[in-house]
Amino acid sequence: PAWSLLLVDQSPAAYWIVNPDNRLVDNVAAGSSHYGFWYRALPHPDGQGGQHLKETFTPMCPSFTPLLEFRGNVAHSTGRHGLKMNDYFPVICGGGLAGTCGRCADGSGDPEKMEIDASLAVFRDFTSFKNKNFGIWGEFLVNVHFDGMRLLDHGIAGLEFAYINGKQAKHAHSRFENMLLVGRTKAEEKIYLPLLSGDLVTGGGR
């Protein structure tokens with residue numbers, strides 16, 4: 001990445017998702033200098049799209065938007081994580097287009113006490129292997145669930161979360177179901193990852 005870019009642009013992802021209300025099915029991410037898939041859900045969109053929404057008084061809150069679908073995806077050989085997500089708290093009417101963020105069109109829902117629908121954010125059937133750091137890494141997540149994860153051959157660990165379902169999140173929980181975690185499929189192999197110079201760290205397998 002070019003160091004003259006914005007800070008967020010210096011850590012690219014093969015798939016950079018800023019709105020969870022999208023369907024990602026059966027995709028492959030490989031060789032990114034940083035991430036395979038990155039769910040960067042902001043409280044409000046930034047950039048030109050965010051400016052347009054602001055000018056047209058259109059509410060949209062990606063960090064509260066229910067997940068449409070994430071299923072059957074694969075990430076490998078990245079410089080950091082296969083899947084990264086942060087600041088994600090999906091709630092009923094959280095997207096904003098049905099009213100305001102967290103408040104339904106019928107006027108129900110208190111933004112200070114937003115109702116949680118845990119069934120809306122389930123990441124399913126994800127395979128991640130030979131990434132430099134983690135298969136899945138996340139922070140500041142509430143009621144996000146994982147089903148059918150296969151995480152193998154990572155430099156540090158299959159998954160790590162910082163601040164998941166914190167003390168301010170009432171009745172929040174996350175489910176981890178049908179998980180497969182493998183430290184090393186072959187003890188002598190090293191992970192395969194891109195370097196910023198364009199060279200590659202080679203190991204026993206790619």
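**Exercise 1.** Find the strand that holds His76, then work out whether His76 is buried or exposed.

*Solution.* Start with the strand: His76 sits in strand S6, which covers residues 74-76. Keep in mind as you go that this is a predicted model. Next, check the accessibility. The relative accessible area of His76 is 18%, and the cut-off for buried is under 20%, so His76 counts as buried. Last, look at what surrounds His76. Setting aside neighbours within four places in sequence, its contacts are Ala29, Ala30, Gly31, Phe129, Lys130 and Asn131.

**Exercise 2.** Work out which residues are linked with Glu69 in a network of salt bridges.

*Solution.* Take one partner at a time. Glu69 pairs with Arg23, and their closest N and O atoms are 2.6 Å apart. Glu69 belongs to strand S5 (residues 69-71) and Arg23 to strand S2 (residues 23-25), so this bridge ties together parts 46 residues apart in sequence. Now the other partner: Glu69 also meets Arg71 in a salt bridge, again at 2.6 Å from N to O. Put the two together and you get a network of Arg23, Glu69 and Arg71.

Now compare their surroundings. Glu69 is buried at 19% relative accessible area, Arg71 is partly exposed at 33%, and Arg23 is exposed at 53%.

**Exercise 3.** Find the salt-bridge partner of Arg150 and say how many residues separate the pair.

*Solution.* The partner is Asp125, with 2.5 Å between the closest N and O atoms. Arg150 is in strand S10 and Asp125 in strand S8, so you are looking at a link between distant parts of the chain, 25 residues apart. As for exposure, Arg150 comes out at 29% and Asp125 at 30%; Arg150 is partly exposed, and Asp125 is too. Across the whole structure, a search turns up 6 salt bridges.

**Exercise 4.** Explore the largest nonpolar core: which of its residues touch the most other members?

*Solution.* The core has 21 residues, and the ones touching the most other members are Phe37, Tyr39, Phe70, Leu83, Met85, Phe123 and Phe126. Strands S4, S7, S8, S9 and S10 each give two or more residues to this core. Zoom in on Leu83: its contacts beyond four places in sequence include Phe37, Tyr39, Phe70, Phe123 and Phe126. Finally, follow the rings. Phe37, Tyr39, Phe70, Phe123 and Phe126 are among the residues that ring pairs join into a cluster, which also takes in Tyr15, Phe146, Phe161 and Phe176.

Methods: Residues numbered from 1 in each chain as written. Predicted model: local features only at pLDDT ≥ 70, side-chain atom pairs only at ≥ 80, totals over all residues. Heavy atoms only, no water. Phe/Tyr/Trp six-rings, centres within 6.5 Å; stacked < 30°, edge-to-face > 60°. Core = buried A, V, L, I, M, F, W, Y, C linked by side-chain atoms within 4.5 Å. Buried < 20%, exposed > 50% of the residue type's maximum accessible area, 1.4 Å probe, protein only. Helix = DSSP H or I, 4+ residues; strand = E, 2+ residues; numbered from the N terminus. Contact = heavy atoms within 4.5 Å. Salt bridge = Lys/Arg side-chain N within 4 Å of Asp/Glu carboxyl O.
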